[in-house]
Amino acid sequence: MSQASRRQTSLKALAAAAFGTALMVAAPALAGPLSADHQSQILGTVEANTAALDHAAMEIWKFAELGYQEHQSSALLAQQLREAGFSVETGIANEPTSFLATFKNGDGPVIAVLAEYDALPGLSQTHSPVQESAGGVAGHGCGHNLFGAASVHSAIAVKAWMEANNIKGELRVYGTPAEEGGSGKVYMVRDGLFDDVDVSVHWHPGNVNSARQGNSMANVSGKFRFYGTAAHAAAAPDKGRSALDGIEAMNAMVNLMREHIPDRTRIHYAITDGGKAPNVVPAYAEAYYYVRHNDPEIVRDVLERVKLAAEGAALGTGTRVEFEAIGGVYSMLHNETLMHVMDRNLRSVGGITWTEEEKALAREIQKTLTTQEDLDSVGRIEEATIGGDFGGSTDVSDVSWVTPTVGLSTATFVPGSAGHSWQNVVAAGSTIGLKGAHLATKTLALTTAELFQSPEVIAEATAEFERRRGPNFQYRALLGDRTPALNYRD
């Protein structure tokens, strides 16, 4: 029997024993929190390792490495896990900057902690609350420097607790590169690396503290490359065929298409190469496109229409076009059972308190924002609910369709900040971001530890998971069978 089949068989049997045959979602999870002694052990380890966590987060902030280029960031986190006694395998799923760290203590649940560490292009920024560059090199505008460091140190704390108390099971940390458009986790899911995982946990930097499980959007991305004929733009324009004309004609047709596609569809593009000199008819041009919707099938359909627009543009401009699929991710499959466990542990840790210096930095950043929201909100825990638009896309979604998955957000940015912004780069490189990461580390560690001791909750979560995805579901990656797009940021 395969690992995947064994996992499904054992968990289905456990679910049936605990809950009968009905696959219904319960309200709060059945198990209570960890004992005070066990909570103290875990939180004590997190506190003891705070300096190492902060070091990793700030070093990765400085590295600011783009997707599939995170060599220093990945190596730093992998080394911290090795030093903590994990077995570490690098380069999984044919991704050079990925890793899988494992600690196993006998038979028991397999729980995965997800870690990200890629930066975003064009967001370079110092610690100044005044924007110093636009369109520069990379920066951590999504806070993945915090994400990776906190996830790793939550796992280190859980491992220490498992050893001290002889807790059975297997703890894994998946180092996942290129979340920002490169779909790093999708290749891991496609290769079966989550097939025997019972639960996956993650977190993400944000503006609030919450275990709410919001809706994400399925997303397919790719590059359209047009090929024309170069010529002198003044002396012999009739001899040329402009690849840039092909791009512009395609963009015009896609923009007209927006009126005639399903509501809530999102299409974004950037011209990543439009030629080199105005007096040369461009022989090559490239546009990078995203298509998003909550329904993966709508994404597939709209992308095909975008491809037809590209072909029409090439025909009309006398050029040739090629398409390369870069990434593709599902929308999130929620798990209410796990959400209640995460929410309870988040509340047990509590909100965030900023120093006067941190508040002063936040106020300076707020001067650059369109909205000035209450800074004291970082001390509160938002209500945990299912649904509501998250708006973005994430490759965590693909994990959520093959194993029960839960995440949380903590306040690492200034309230009112926009995602993927230079303001977020500043916060992610300051103690504002670090305090949010500390909260995430503690919450992830407590949640993971509780699940290791709660087979009935895992069974309940698995029953809900199978009900939500349906009896005939078969995972099919939106990016097809292509190999990882290791050069997509070049």
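Here are some notes on how the parts of this structure fit together, written as numbered points.

1. Before anything else, keep in mind that you are looking at a predicted model. Everything below is read from that model, so to speak, with the sequence at your elbow.

2. Let's start with the open sheet. Six strands make it up, in the order β1-β2-β6-β3-β7-β14, and their pairing is mixed. Which strands sit at the edges? They are β1 (87-90) and β14 (405-411), each of which pairs on one side only. If you ignore direction, neighbouring strands in this sheet are turned by 20 degrees against each other on average.

3. Now zoom in on two neighbours in that sheet. Strand β2 (residues 99-105) and strand β6 (residues 169-176) run antiparallel and are joined by seven bridges. To find one spot where they meet, look for alanine 101, whose bridge partner in β6 is valine 173. Helices lie against the sheet as well. Helix α4 (residues 71-83) lies across β1, β2 and β6, and runs at about 15 degrees to β2. Helix α9 (residues 336-349) packs on the sheet too, touching β7 (199-206) and β14, and its direction makes about 30 degrees with that of β14.

4. Strand β3 (residues 110-116) deserves its own stop. Seven of its seven residues are buried, so the rest of the structure largely encloses this strand. A handy bit of background: side chains in a regular strand alternate between the two faces of the sheet. Here, both faces of β3 are covered: Val110, Ala112, Leu114 and Glu116 are buried on one side, and Ile111, Val113 and Ala115 are buried on the other.

5. What does β3 pair with? With β6 it pairs in the parallel sense, over seven bridges, and you can spot isoleucine 111 standing opposite leucine 171 in β6. With β7 it also runs parallel, joined by three bridges; in β7, valine 201 is the bridge partner of valine 113.

6. Next, have a look at helix α2 (residues 36-48). At 1.5 Å a residue, its 13 residues should span 18 Å, and its end C-alpha atoms are indeed 18 Å apart, so the two values agree. Which residues of α2 are buried? They are His38, Gln39, Ile42, Thr45 and Val46. Viewed down the axis of α2, the buried residues fall within an arc of 130 degrees, so they line one face of the helix. On the other side of α2, Ala36 and Ala48 are exposed. The elements covering the buried residues of α2 include α3 (50-63), α5 (144-165), α9 and α13 (431-452).

7. On to the cores. As a general point, nonpolar side chains in soluble globular proteins tend to be buried together. In this model the largest nonpolar core has 80 residues, and the members that touch the most other members are Phe86, Trp161, Val173 and Trp203. Apart from that core lies another one, of 29 residues, among them Ile267, Val302, Ala309 and Leu333. If you'd like to see what surrounds tryptophan 161, leave aside its neighbours within four places in sequence: its contacts are then Leu34, His38, Gln41, Ile42, Ile167, Ala449, Phe452 and Gln453.

8. Then there is strand β11 (residues 284-293). Nine of its 10 residues are buried, so it is largely enclosed by the rest of the structure. It pairs with β9 in the antiparallel sense over 10 bridges, and with strand β10 (residues 266-273), again antiparallel, over seven bridges. Tyrosine 288 in β11 is a nice place to pause: lysine 223 stands opposite it, and it is the bridge partner of alanine 270.

9. Is serine 221 buried or exposed? Serine 221 has 2% relative accessibility, and because buried means under 20%, it counts as buried. This serine lies in strand β9 (residues 218-227). Not counting residues up to four places away in sequence, serine 221 touches Gly181, Tyr288, Tyr289, Tyr290, Phe323, Ala325, Ile326 and Gly327.

10. Last, try alanine 463, found in helix α14 (residues 455-469). It counts as buried at 6% relative accessibility. Alanine 463 and isoleucine 92 are 371 residues apart along the chain, and their C-alpha atoms are separated by 29 Å.

How values were computed:
Residues numbered from 1 in each chain as written. Predicted model: local features only at pLDDT ≥ 70, side-chain atom pairs only at ≥ 80, totals over all residues. Heavy atoms only, no water. Helix = DSSP H or I, 4+ residues; strand = E, 2+ residues; numbered from the N terminus. Buried < 20%, exposed > 50% of the residue type's maximum accessible area, 1.4 Å probe, protein only. Contact = heavy atoms within 4.5 Å. Core = buried A, V, L, I, M, F, W, Y, C linked by side-chain atoms within 4.5 Å. Pairing = 2+ DSSP bridges. Axes fitted to C-alpha atoms, helices over the stretch in contact; angles between N-to-C directions. Expected span 1.5 Å × (residues − 1). Arc of directions from axis to C-beta.
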